[in-house]
There are 4 protein chains.
Amino acid sequence: MNFSSDNWAGATAPVMAALNRHSTGLAPAYGTDPLTEDISARFSEIFETEVTVFFVSTGSAANSLALSAFAKPGGAIFCHRDAHIQVDECGAPEFLTSGGKLVSVSGAAGKITAEALREAMSAFPDGVVHHGQVASVSITQPTECGTLYTLEEIRQIKAVADERGVPLHMDGARFANALVSLGCTPADMTWKAGVDVLSFGATKNGCWCAEVVVFFDPKKALGFEYFRKRAGHLFSKSRFVAAQLEGYFEDDAWLETAAQSNNMALRLAQGIRASGGRTAWPVEANEVFPILPKDTVKRLQDAGALFYDWPANGLPDDMAPSENEVCLRLVTSFATQAADVDCFLELLKV
Amino acid sequence: MNFSSDNWAGATAPVMAALNRHSTGLAPAYGTDPLTEDISARFSEIFETEVTVFFVSTGSAANSLALSAFAKPGGAIFCHRDAHIQVDECGAPEFLTSGGKLVSVSGAAGKITAEALREAMSAFPDGVVHHGQVASVSITQPTECGTLYTLEEIRQIKAVADERGVPLHMDGARFANALVSLGCTPADMTWKAGVDVLSFGATKNGCWCAEVVVFFDPKKALGFEYFRKRAGHLFSKSRFVAAQLEGYFEDDAWLETAAQSNNMALRLAQGIRASGGRTAWPVEANEVFPILPKDTVKRLQDAGALFYDWPANGLPDDMAPSENEVCLRLVTSFATQAADVDCFLELLKV
Amino acid sequence: MNFSSDNWAGATAPVMAALNRHSTGLAPAYGTDPLTEDISARFSEIFETEVTVFFVSTGSAANSLALSAFAKPGGAIFCHRDAHIQVDECGAPEFLTSGGKLVSVSGAAGKITAEALREAMSAFPDGVVHHGQVASVSITQPTECGTLYTLEEIRQIKAVADERGVPLHMDGARFANALVSLGCTPADMTWKAGVDVLSFGATKNGCWCAEVVVFFDPKKALGFEYFRKRAGHLFSKSRFVAAQLEGYFEDDAWLETAAQSNNMALRLAQGIRASGGRTAWPVEANEVFPILPKDTVKRLQDAGALFYDWPANGLPDDMAPSENEVCLRLVTSFATQAADVDCFLELLKV
Amino acid sequence: MNFSSDNWAGATAPVMAALNRHSTGLAPAYGTDPLTEDISARFSEIFETEVTVFFVSTGSAANSLALSAFAKPGGAIFCHRDAHIQVDECGAPEFLTSGGKLVSVSGAAGKITAEALREAMSAFPDGVVHHGQVASVSITQPTECGTLYTLEEIRQIKAVADERGVPLHMDGARFANALVSLGCTPADMTWKAGVDVLSFGATKNGCWCAEVVVFFDPKKALGFEYFRKRAGHLFSKSRFVAAQLEGYFEDDAWLETAAQSNNMALRLAQGIRASGGRTAWPVEANEVFPILPKDTVKRLQDAGALFYDWPANGLPDDMAPSENEVCLRLVTSFATQAADVDCFLELLKV
């Protein structure tokens, strides 16, 4: 009953198989090997357009470096107040953009709204040097609340970004989970909806370490290799990432593992509701945020269940935890078993 | 006959075995897993003192972040003019130290001398704000010329660093090769000789991606986790590095692979000399820099040999390549076979 | 009727007289001249303790550099959401601290409260690398709302800063206005209440360009000259600042000009209330924020009055401007004349 | 007999007169006042083309910010090894460009040559990410050796910069001295010879504090106000700089003061040669570098003469100081009197 995080899991069998397959022999370093080139081409196929991809070492690096490519002096980066870049990356976006300011935008269920974005941007009128200048917009899909932007919502946000001439970044640390849940194509969820640059995360969904910055316009990717190298994020043995991704994409393994973790989350959610509980937000990917009585939580912990408490920010009063309740975050992964879920659910019943 | 670089090799069998062994199951993220803790303790055993270690993603990151921990405003970092941090890291040390200046120090065979270091530092007298201030000294072991500092040379450099109260960093991208060649202990080559912080590289010697910043005084390591995270270098699935290192250290595998590559380099060097050739610098680790007639080089290339040309900086006139000669860099690795070496040597003979 | 800002004024007669007096002759550059030393000593007298002072070129530089001296990787700087460093300095604090994050703290009338500060800091628990770490607290005296922290309020904020072991910075761009209004000593309002470092602004109160970073503990000032120089803020002809300050302090000229501007603000406030109007916040220094009917504002503008609109953030509903009202900012300076004020007040009456 | 530096002087009478003239009244802040606009227009007249100008607070700021506008990740800035930006600005160029690397270029008499520049740039081939990328070229006019680039030499350097597509910056801390000495127009010495951006220094030549970044192509100046403000270099009372420049330019006062200091330098040089001495480099502006016997230097000091020793870097052996000699730097300014010079010269004779 370990629902701590999807980054507690290891690597999937196809990923390990590919790593083993490519572990011998010599290949050019620093991303010029044939396997890295193959996988780069594979990304263009998957996204149905010519993309430029860069492997980096962590999701924080992917986000921060993507944003650094669009940084400006006094630049403001707009994101949800709960976004990973805002609260969980130890200032990496600020540091790697040489001092960018992350401006929090409100919105229910972890999602910024087009209106709130426009309002937040209005504090940075063009040409008023004191306030700085708008630099970029970043959304997270799925969000920190386990919810999803619809394609229409992404398009609306893009429209606001366009009003100010700034690019749209998507933090896709759990990209596959969103994709499978929405049932759309990778192209639909990204460049067709207006995303300019994507942090494509594969680590949480079954790789050891495979995070990719994807530019949908190769012209915007020009020079990005210098941003990456300057921050120490150019792997010498790049094929170790490429190999993982080969296994990841093989026979749609990535979609299967994402479906598995999403399904486990749904199973959790249904069980919680069936036992009379509620979740803070809709369960749309692989995270579940049940609000449970404190004594139930204690019972779960005593039985060995692992999870984190979660600040249920921004809930309406009638949804928020009462004094006797607490909000938990349960994350499922490809390694989550139905038996684990059921064991957890069993404990909810008294 | 591929002597391009040791980072063209993949991963060794023990490293892959350990990775496979640890690929399943759940473990805490971000370096709090038991395996990472085990390997950290292993470092203290290997270095015979309590060390604090941090996994990072690349050698450039290890160097730059180690130096960032000792950065100062207007800080000058002293290194050899050919050092990797000076010429091969795309300004990562400057960027990650928020504007440090890398001051080149001269010295034959890739090694700075204590005298040249003292002289270079004298341009930064204490208290003269215009020139900035001394921040740290960095040496590379083995050097970019494939040579080694003796323990006494390291101690002398440390003594100069002490005169100005700054720490000594060692770039050990090929640490094991140096260690095996000198035949000393890890402790001898580092803290006992005055090294304060080490970039311990395992990638080139048989891992996929395993670079470690080692602090020999835990007090100096305080707060370093924030430097690492702020630059996007904290792996979520830290155990994938730990597992590699488990395999790396197992049964002294790391020393064996280093010995293998060193031996292949010596075999190359002996054959080159036997055929009447010369090397730019003594062969003391796993790099060989032969100076060869251009037509010989052409013959080697036509036969499929892979290597890079190398600027033979700083050679005395009677050693430097003539107009008809060129200096090559040949790097051996754990994957280099004696047959490959012999095939190369055969081509030297007409 | 120009109430645009106190930085629209020029220099006072004593300041110009001192500048003229010191404009000839030769003196050492870069702050080593006798006049700079005299003025530095004068600061120690004024603050009744040994202080270390640094002239810098702007208030933004003073704030940002002061904060940079206490920066940490992933460091969070806590300030009011309306603070100058948060909204008016184009990211200078973020840039000059190499990526600090400015965390907004709520509070009525431009003042953070100890409780809100503690709550905001709780999002940065010690040792949790993801969220970064607390670095410093900054308050503005007088605030952006023209209000003042009482000495007790400063002490309470300091106590919270102490709980987390971080220093307290005061942005004193209008330091003299606060001092005169509170009727306390410079020592009372700063180090005796817990301020570690002060941005002492003299520009708005009658100098051309005289901004000073004041450290109340000389040990904390060690090395600050490198921060200043590294950002290009070390004046060569330092005595041009020193001379201004000589004139500024002479015969308590600075207190007189501050009293003059404060009195003009009070006269405005009293007149506004006498005519049935209200101000958004109490008038405690040299800024007045009347909330006026839009047609009155139009009448004022038609008559040539100059001022800026102001977002009346954070007012309770019963105080906030109605649809037909707007909040203005009126700033008085040493150059403001009673006749100007009276002319403005006359226009309020219909 | 004070030849310490031209920044030991105060302000000239026309500069003080203008400051006094503009010290009263109210004017918009932050560079939007009519006087700043007038002076900006005056720059376009002086340079015979439409320029965009920005006042900043110091010469170091002017240089570093100008270079920051052309910064790139991993960017290399090429300058003479003795350039002020390389040795006298405490890392401000590195810091304000977020980690730029200043690459030293050799050349006699403080001047880089086109050939040496091309050679230095060749270490940064396009597209090789490890080495970083060429970002800009900076020359100093007059140089740190008091010598001048001819217009043809500037054009040749520009041609090399053009080969790599990077801009040419001129550090004109003593711009007027160079201009008067060459007898050309400001346009000739800058944009007509290929200069893209100029640090126009007026402080050393008679202002208190007037340093200006001049862009010769307004398009390249776009957004520069954000670089300036982000570093804390936007003066609120901008007219205090504008006023100084009004006085500076009035009746060609700036050319007269520069001529005066140049003449005093020539008088020094001629006297030194007449007494059998030599200078390290030709005297082409307002700096003289005599190489004198140590006992002569002692005699000068005993008589109260003030100057700095100077490392006579890069002199050919037959010019370099012998064991019994030392190289001095004598700087003249508008405040230098012929009597002072003659007194100094008298002391050279035994």
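Here are a few friendly notes on this predicted model, covering the contact between chains A and D and then the sheet of chain B.

1. Let me start with the extent of the A–D interface. It brings 17 residues of chain A into contact with 17 residues of chain D. The area buried between the two chains is about 1600 Å², and carbon and sulfur atoms give 67% of that. On the chain A side, A:Pro73, A:Val129 and A:Tyr226 lose the most area to chain D, together 43% of what that side buries.

2. Next, the polar side of the same interface. Between chain A and chain D there are zero salt bridges, while seven residue pairs are in polar contact, both residues being at pLDDT 80 or more. Helix 10 of chain A (residues 224-230) supplies five residues, the largest share of the side that touches chain D. By class, that side of chain A has seven nonpolar, six polar and four charged residues.

3. Now to chain B, where seven strands form an open sheet in the order 1-7-6-5-4-2-3, with mixed pairing. Strand 1 (52-56) and strand 3 (101-105) of chain B each have a single partner strand, so one side of each has no neighbour in the sheet. From one strand to the next, the twist averages 25°.

4. One pairing you may like to look at joins strand 2 (residues 75-80) and strand 4 (residues 133-140) of chain B, parallel over four bridges. Here B:Ala76 has B:Val134 of strand 4 as its bridge partner. Helix 6 of chain B (residues 114-121) packs on the sheet, touching strand 2, strand 3 and strand 4; the direction of helix 6 makes about 135° with that of strand 3 of chain B.

Key:
Residues are numbered from 1 along each chain as its sequence is written. Chains are lettered from A and ligands numbered from 1 in the order in which they are written. This is a predicted model: local features need pLDDT of at least 70, side-chain atom pairs count only at pLDDT 80 or more; totals for chains, interfaces and linings use all residues. Side-chain values use heavy atoms; hydrogens and water are left out. Contact means heavy atoms within 4.5 Å. Buried area is the accessible area (1.4 Å probe) that two parts lose on being put together, summed over both. A salt bridge is a side-chain nitrogen of Lys or Arg within 4 Å of a carboxyl oxygen of Asp or Glu. A polar contact is a pair of N or O atoms within 3.5 Å; within protein, one must be able to donate a hydrogen and the other to accept it, and residues adjacent in sequence count only if both atoms are side-chain atoms. Helices (H or I, at least four residues) and strands (E, at least two) are DSSP runs, numbered from the N terminus. Ala, Val, Leu, Ile, Met, Phe, Trp, Tyr, Cys and Pro count as nonpolar, Asp, Glu, Lys and Arg as charged, and the others, Gly among them, as polar. Two strands pair if DSSP finds at least two bridges between them. Axes are lines fitted to C-alpha atoms, for helices over the stretch in contact, and angles run from 0 to 180 degrees between N-to-C directions.
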